[in-house]
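Please open the model in your viewer and keep the sequence panel beside it, since each stop on this tour begins with something to select.

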Amino acid sequence: MSAQPSPVSLAAVLARGDIWRGDALPGLPAGTIASGYTELDAELPGGGWPRGNLTEILVDRSGIGEISLLLPALARLSGEGGRLALVAPPWLPHAPAWAAAGVAPERLLVIRPGRQGAWCIEQLLRCGGFAGLLAWPDAGIDARALRRLQVAAEGQSVFAVLWRSTVNAATPSPAPLRLTLAAGADRLALRILKRRGRPASRLLQIEIPRPGRKTRVVAGPAFSAADAGSPAAAAVA
């Protein structure tokens with residue numbers, strides 16, 4: 001007669017690292033990077049921006065300080081020797097400001113993919129050669145393309161961000177993390193629409209440098225976009 005298994009308490013089950021409660025945020029410390037903002041990290045599963053998954057940031061317009069929100073994380077990735085890619089940004093980055101924020105210019109690649117935006121983003125995610133990728137996909141990108149991007153990001157160590165319009169807030173997306181940004185006086189109003197774990201309820205007011213006041217992040221003298229004949233461009237052509 002086989003021995004009966006010993007009973008296991010509920011507390012012991014919930015203490016396991018691969019179990020998380022539906023009313024709590026999952027802990028994924030190995031798969032996150034600190035945002036640089038304590039109040040935001042407290043609301044992000046694992047205590048930071050996720051790696052190996054898509055993050056969607058929805059904004060009405062560019063130039064409200066949205067890039068400054070990501071610069072602490074991007075600077076850390078760059079400082080660790082990681083390469084960063086900007087795909088179809090609305091503005092070319094202001095080189096001195098990015099360098100002052102800790103991003104090494106030689107590790108930043110700007111790509112203009114033309115009409116092959118979604119395909120280009122997917123290839124960059126799949127190649128595994130980038131620690132951070134920020135992309136501005138076409139407004140008409142569909143659910144199937146978004147799902148392909150999420151699948152391409154899975155299993156990679158990349159911090160992948162898609163910038164989209166707030167008109168997409170009510171449209172389902174495969175991205176595990178979605179948030180909206182709006183401008184305030186030297187602050188960004190941030191609301192998390194979707195995250196793993198319990199739903200977020202409160203609006204965050206993130207104090208952040210605003211472009212055009214103390215720091216210029218996007219507009220101004222620019223890095224050169226990837227040349228059509230360069231090896232970097234050839235990899236995504």
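What follows is a walk through a predicted model, going from the sheet to the helices that pack on it and then to the cores and a few single residues.

**The sheet**

Begin by selecting the strands and colouring each one separately. Eight of them form an open sheet, and if you step across it you should meet them in the order β5-β4-β6-β7-β3-β8-β9-β10, with mixed pairing. At the edges are β5 and β10, each of which pairs on one side only. If you look along the sheet, neighbouring strands are turned against each other by 25° on average, direction ignored.

Now narrow the selection to β4 (84-87) and its two neighbours. On one side, β4 and β6 run parallel and are joined by four bridges; on the other, β4 pairs with β5, also in the parallel sense, over four bridges. L84 is a convenient residue to centre on, since its bridge partner in β6 is G132, while in β5 it stands opposite L108.

Show the side chains of β4 next. In a regular strand, side chains alternate between the two faces of the sheet. Here L84 and L86 point one way, whereas A85 and V87 point the other way, and all of these residues are buried.

**Helix α5**

Select residues 117-127, which make up α5. Its buried residues are G117, C120, I121, E122, L124 and L125, and what covers them includes β3, β4, β5, β6, α6 and β7. The helix packs on the sheet, touching β3, β4, β5, β6 and β7, and its direction makes about 170° with that of β6. Just beyond the helix, stop at G128, which follows α5 and has a positive phi, near 70°.

Is the acidic residue E122, within α5, buried or exposed? With a relative accessible area of 5%, E122 counts as buried, because the cut-off for that class is under 20%. Leaving aside residues up to four places away in sequence, E122 touches R148, L149 and A152, so keep those three displayed as you move to the next helix.**Helix α6**

Select residues 143-153, the extent of α6. Within this helix, A145, L146, L149, Q150, A152 and A153 are buried, and they lie on the same side of α6 because they cover an arc of only 160° around the axis. Turn the helix to view its other side, and you will find A143 and R144, which are exposed.

To see what the buried residues of α6 pack against, display β3, α5 and β7. Like α5, this helix packs on the sheet: α6 touches β3 and β7, and its direction makes about 135° with that of β3. The helix is followed by G155, whose phi is positive, near 85°.

**A stacked pair of tryptophans**

The structure holds two aromatic pairs, and one of them is worth a close view. Select W136 and W163, whose ring centres are 5.8 Å apart and whose planes meet at 10°, so the pair is stacked. W136 sits in the loop between β6 (132-135) and α6, whereas W163 belongs to strand β7, and the pair thereby links parts of the chain that are 27 residues apart. Both W136 and W163 are buried.

**The nonpolar cores**

Keep W163 on screen and add W49, L69, L70 and L181 to the selection. In the largest nonpolar core, which has 37 residues, these five touch the most other members. Several elements give two or more residues to this core, namely β3 (53-59), α3 (66-79), β4 (84-87), β5 (108-111), β7 (159-165), β8 (177-183), β9 (187-194) and β10 (204-207). Which element gives the most to this core? That is α3, with eight residues.

Then select A135, I141, A145 and A160, which are among the residues of a second, separate core of 22. A145 will be familiar from the previous helix, where it is one of the buried residues of α6.

**A last stop at an exposed valine**

Finish in the loop between β7 and β8, where V167 lies. Its relative accessibility is 66%, and V167 therefore counts as exposed, the cut-off for that class being over 50%. If you draw a distance from V167 to A139, which is 28 residues away along the chain, the two C-alpha atoms should be separated by 9.8 Å.

Methods. Residues are numbered from 1 along each chain as its sequence is written. This is a predicted model: local features need pLDDT of at least 70, side-chain atom pairs count only at pLDDT 80 or more; totals for chains, interfaces and linings use all residues. Side-chain values use heavy atoms; hydrogens and water are left out. A nonpolar core is a set of buried Ala, Val, Leu, Ile, Met, Phe, Trp, Tyr and Cys residues joined through side-chain atoms within 4.5 Å. Buried means under 20% relative accessible area, exposed over 50%, partly exposed in between (1.4 Å probe, protein chains only). The arc is that of the directions from the helix axis to the C-beta atoms. Contact means heavy atoms within 4.5 Å. Rings of Phe, Tyr and Trp (its six-membered ring) pair if their centres lie within 6.5 Å; planes under 30 degrees apart count as stacked, over 60 as edge-to-face and the rest as tilted. Two strands pair if DSSP finds at least two bridges between them. Axes are lines fitted to C-alpha atoms, for helices over the stretch in contact, and angles run from 0 to 180 degrees between N-to-C directions.
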